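Please look at the sequence and the model together, and keep both in view while reading the report that follows.

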Amino acid sequence: MNMFSSILPQHQEGYLPYFLLFEGLAAAIHTVVCYVGSPRTALRQFGGPKAPSPHPLLAHVYGVKNFYTSAIRFYAAYHIGNPQVYDLAILTFVGVLFLYITEVFVYNNTRFREAAEPYVMAGGTLVWMVLQRNWYLSQ
């Protein structure tokens with residue numbers, strides 16, 4: 001258990017660094033899926049009426065997006081008091097919301113039910129991070 005706790009963010013209070021670590025890990029896992037898995041599996045959330053057919057190139061582009069999202073969130077988990085990194089982490093969630101809002105309401109590449117989880121997770125985290133920004137940056 002001691003080895004496990006030594007790799008976790010060493011922030012004194014709050015759960016946001018641990019959540020960012022979890023979200024970074026989820027994005028990193030999806031990056032691997034985008035590169036080594038089937039494009040159909042990697043792009044499952046884009047199954048709307050006008051969605052393009054799953055293609056390896058599209059899965060790889062989505063994997064790159066997940067890679068830099070993962071890197072920013074990992075870095076923010078360990079450097080939560082850095083205002084520039086904190087703001088970049090906020091922008092990763094803004095980017096997710098922008099992606100899914102446009103895919104549902106502009107391009108019709110995904111359905112609302114497939115975008116509901118990203119709306120809740122990214123939207124909730126965005127609100128959480130904005131409301132807690134001053135507290136984490138004052139630590």
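In this predicted model, the structure holds three salt bridges. Side chains of opposite charge can pair when their charged atoms come close. One of these salt bridges joins E23 with R73, whose closest N and O atoms are 3.4 Å apart. Because E23 belongs to helix 2 while R73 belongs to helix 4, this pair ties together parts of the protein that are 50 residues apart in sequence.

The wider setting of this pair is a protein chain with six helices and zero strands, so that reading along the sequence gives the pattern α-α-α-α-α-α. The C-alpha trace of the chain spans about 45 × 30 × 25 Å along its principal axes.

How do the helices lie against one another? Two packed helices are described by the angle between their axes and the distance between the axes. The table lists these values for two helix pairs.

| Helix pair | Angle between axes | Distance between axes |
|---|---|---|
| Helix 4 (residues 56–78) and helix 5 (residues 83–105) | about 145 degrees | 8 Å |
| Helix 2 and helix 6 (residues 112–137) | roughly 145 degrees | within 11 Å |

Helix 4 passes helix 5 in a left-handed crossing, and the contact is made on the helix 4 side by Y62, K65, T69, I72, R73, Y75 and A76, which meet V85, L88, A89, T92, F93, V96, L99 and Y100 of helix 5. The residues of this contact between helix 4 and helix 5 divide into 11 nonpolar, two polar and two charged. R73 therefore appears twice in this account, since R73 takes part in the contact with helix 5 and also pairs with E23 of helix 2.

The crossing of helix 2 and helix 6 is left-handed as well. Here L16, P17, F19, L20 and E23 in helix 2 meet M121, T125, W128, M129 and Y136 in helix 6, and the residues of this contact divide into eight nonpolar, one polar and one charged. E23, the salt-bridge partner of R73, is among the helix 2 residues that meet helix 6.

Which residues make the nonpolar surface patch? V32, Y35, V36, V64, F67 and Y68 make this patch, with an area of about 630 Å². Helix 2, which covers residues 16–36, and helix 4 each supply at least two residues of the nonpolar patch, and F67 has its place in helix 4.

How values were computed
Residues are numbered from 1 along each chain as its sequence is written. This is a predicted model: local features need pLDDT of at least 70, side-chain atom pairs count only at pLDDT 80 or more; totals for chains, interfaces and linings use all residues. Side-chain values use heavy atoms; hydrogens and water are left out. Axes are lines fitted to C-alpha atoms, for helices over the stretch in contact, and angles run from 0 to 180 degrees between N-to-C directions. Helices (H or I, at least four residues) and strands (E, at least two) are DSSP runs, numbered from the N terminus. A crossing is left-handed if the near helix is turned anticlockwise from the far one by less than a right angle, and right-handed if clockwise. Contact means heavy atoms within 4.5 Å. Ala, Val, Leu, Ile, Met, Phe, Trp, Tyr, Cys and Pro count as nonpolar, Asp, Glu, Lys and Arg as charged, and the others, Gly among them, as polar. Patches are made of residues with over 30% relative accessible area and no salt bridge: like charges are joined within 9 Å, nonpolar side chains (Val, Leu, Ile, Met, Phe, Trp, Tyr) within 5 Å. Accessible areas come from the Shrake-Rupley method with a 1.4 Å probe; for residues, only the protein chains shown count as cover. A salt bridge is a side-chain nitrogen of Lys or Arg within 4 Å of a carboxyl oxygen of Asp or Glu.
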